[in-house]
Amino acid sequence: GDEHNEVFRPITFFVSEVGYVFSVYNNFGAEIFSTNNPKKGWDGTYRGVTVQNNNYIYYLQYINGLGQLTETTGVISLVR
């Protein structure tokens, strides 16, 4: 709510929408956010409701500059 770090999104310079997937999952493995748009990020909500402070898993898939499919996962710590 302070206009700093309001949205989490991967840095996606030179990333095409083709093959791009960015998803966020809760502790139970349920998908709470997903997009195919590299310019869109997660705002810490699920179905319009603010989620709890917690750790969330993200999954990122894209085609790199060499044309190879790249996948990575990590943890987002949501703190308000």
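## Exercises on a predicted model

Trp42 touches Glu6, Val7, Phe8, Phe22, Val24, Ile32, Phe33, Val51, Tyr56, Ile76 and Leu78, where residues up to four places away in sequence are not counted and contact means heavy atoms within 4.5 Å. This is a predicted model, in which local features need pLDDT of at least 70 and side-chain atom pairs count only at pLDDT 80 or more, while totals for chains, interfaces and linings use all residues. Residues are numbered from 1 along each chain as its sequence is written, and side-chain values use heavy atoms, with hydrogens and water left out.

**Exercise 1.** Find how many residues the largest nonpolar core has, and which strands each supply at least two of them.

*Solution.* Begin with the term: a nonpolar core is a set of buried Ala, Val, Leu, Ile, Met, Phe, Trp, Tyr and Cys residues joined through side-chain atoms within 4.5 Å, and buried means under 20% relative accessible area, exposed over 50%, and partly exposed in between (1.4 Å probe, protein chains only). The largest such core has 13 residues, and those with the most contacts inside it are Phe22, Val24, Trp42, Tyr56 and Ile76. Next, look at the strands (E, DSSP runs of at least two residues, numbered from the N terminus): at least two core residues come from each of E1 (21-25), E2 (31-35), E5 (54-63) and E6 (69-78). The largest share, three residues, is that of E5.

**Exercise 2.** Decide whether Gln61 is buried or exposed, and find its side-chain polar contacts.

*Solution.* Gln61 lies in strand E5, and because its relative accessible area is 17%, Gln61 is buried. A polar contact is a pair of N or O atoms within 3.5 Å; within protein, one must be able to donate a hydrogen and the other to accept it, and residues adjacent in sequence count only if both atoms are side-chain atoms. The side chain of Gln61 has one such contact of 2.8 Å with the side chain of Tyr59, and a polar atom of the Gln61 side chain lies 3.2 Å from the backbone oxygen of Gly19.

**Exercise 3.** Describe the aromatic pair of Phe8 and Phe22.

*Solution.* Rings of Phe, Tyr and Trp (its six-membered ring) pair if their centres lie within 6.5 Å, and planes under 30 degrees apart count as stacked, over 60 as edge-to-face and the rest as tilted. The structure holds five aromatic pairs. For Phe8 and Phe22 the centres are 5.9 Å apart and the planes stand at 45°, so the pair is tilted. Since Phe8 lies in the segment before E1 and Phe22 in strand E1, the pair ties together parts that are 14 residues apart in sequence.

Notes:
Helix = DSSP H or I, 4+ residues; strand = E, 2+ residues; numbered from the N terminus.
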